[in-house]
Amino acid sequence: MSIKLQKITKIFGKTLAVNDVSLEIENGEFLTLLGPSGCGKTTILRIIAGLENVTSGVVQLEGVDITNLNPTKRDISIMFQDYALFPHMSIIENVSYGLRMRGIGKTEREKQAAKWLETMQLSNTQNRFPSELSGGQRQRVALARALITNPKILLLDEPLSALDANLRIRLREELRKIHRLIGTTFICVTHDQEEAMALSDRIAILKDGQIEQIGTPNELYDKPTSEFVANFFGKCALWPINKSKKETEKLLLEHTNLHFKTTIMPDSKTARAVIRPEFLEIAEQQITSKNQLKAKVLDILTKGTSNLITVEFENGLLLDIDVPRKYVLPDLSEHVYINLTQNELHIIND
Ligand code: ATP
């Protein structure tokens, strides 16, 4: 089901937690609210669930105003960060709990719970207790419990944060698969950008209670509209730009002779080009005919498959560049020449 937030504001005492947020989430979409601690993501999730009142604004589910509807009447499930499984209930009792609350008989609810446990590849755990499962299994039980009532929307609050790093990566893929399989609208909250990228159809980046930018993971990575978003996804150097004096349509990286093309022309004096590490290549040698960027090597980190070299450009910008192992490593403090392999760059108007 689709959900629409219209001009939502939430104030706690003197804290403006959510500031005039409007957002439309499509039926079947996986949307993630991403942002640093305190930016208002959990509050938005709780408003959608009906666990928090709004100070102003409207929440619509499939065009119907549910702003003041009781949470139990919303057909929206929430899966909490700690999964909140009942420790004294068996796994099958945990999963079928939502149906028991709706007065569905034991045989029917256990049949449905068994089906969900099968979907989650947990059939053999039916009679165990939560303490007898691994973190990843508990997470899937929590998902099954949240989905058994066929919610129109599933809300996920930091769904993977309780797991160790390896399991997190594996369960990301499982979560994505489950979403594709059942087609329910998922709205997730996280502060982990990699997780958001791997899971989501679209991501809304929040800052100080407002949406800074919303788009697909690739749109946000390739075409950030602000420094905050550019830095939030991966590393980048934001290089000030000038217009060429001779050819006014040509853009130059400031204090260099490097020209580049862009899809949008700068409309502010302080526009900057987004340079990602993968656009750069450390040159074997200086080629005078070629426009190269000169930089000083500050640090070298061996990563196994490649080496990460931190360089400082002449204008003081720093960037980590991944270089293949076959490349002969420079010395610390040595100057290197760097080729820009991309002739079209995205720019940010400050
Ligand atoms: P985190 O990633 O740390 O969970 P968040 O982005 O989810 O952060 P929220 O929990 O939505 O942030 O909080 C947004 C702001 O509202 C914060 O400044 C927080 O301190 C404040 N806040 C949240 N809930 C309450 C409350 N019940 N009473 C008072 N202030 C609150």
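User: Before we start, how are the domain bounds set, and what are they here?

Analyst: Domain bounds come from an automatic or database domain assignment. This is a predicted model, where local features need pLDDT of at least 70 and side-chain atom pairs count only at pLDDT 80 or more, while totals for chains, interfaces and linings use all residues. Residues are numbered from 1 along each chain as its sequence is written, and side-chain values use heavy atoms, with hydrogens and water left out. The bounds are 3-227 for domain 1 and 237-348 for domain 2.

User: How far apart are the C-alpha centres of the two domains, and how much area do they bury between them?

Analyst: The C-alpha centres sit 40 Å apart. Buried area is the accessible area (1.4 Å probe) that two parts lose on being put together, summed over both. Of the area buried here, 51% is on carbon and sulfur atoms, and the total is about 610 Å².

User: Which residues of domain 1 lose the most area to domain 2?

Analyst: Three residues together make up 71% of what the domain 1 side buries. They are Tyr221, Pro224 and Glu227.

User: Which side chains meet in a salt bridge at 2.8 Å?

Analyst: A salt bridge here is a side-chain nitrogen of Lys or Arg within 4 Å of a carboxyl oxygen of Asp or Glu. The rule finds one across the interface of domain 1 and domain 2. The side chains that meet at 2.8 Å, N to O, are those of Arg272 and Glu227.
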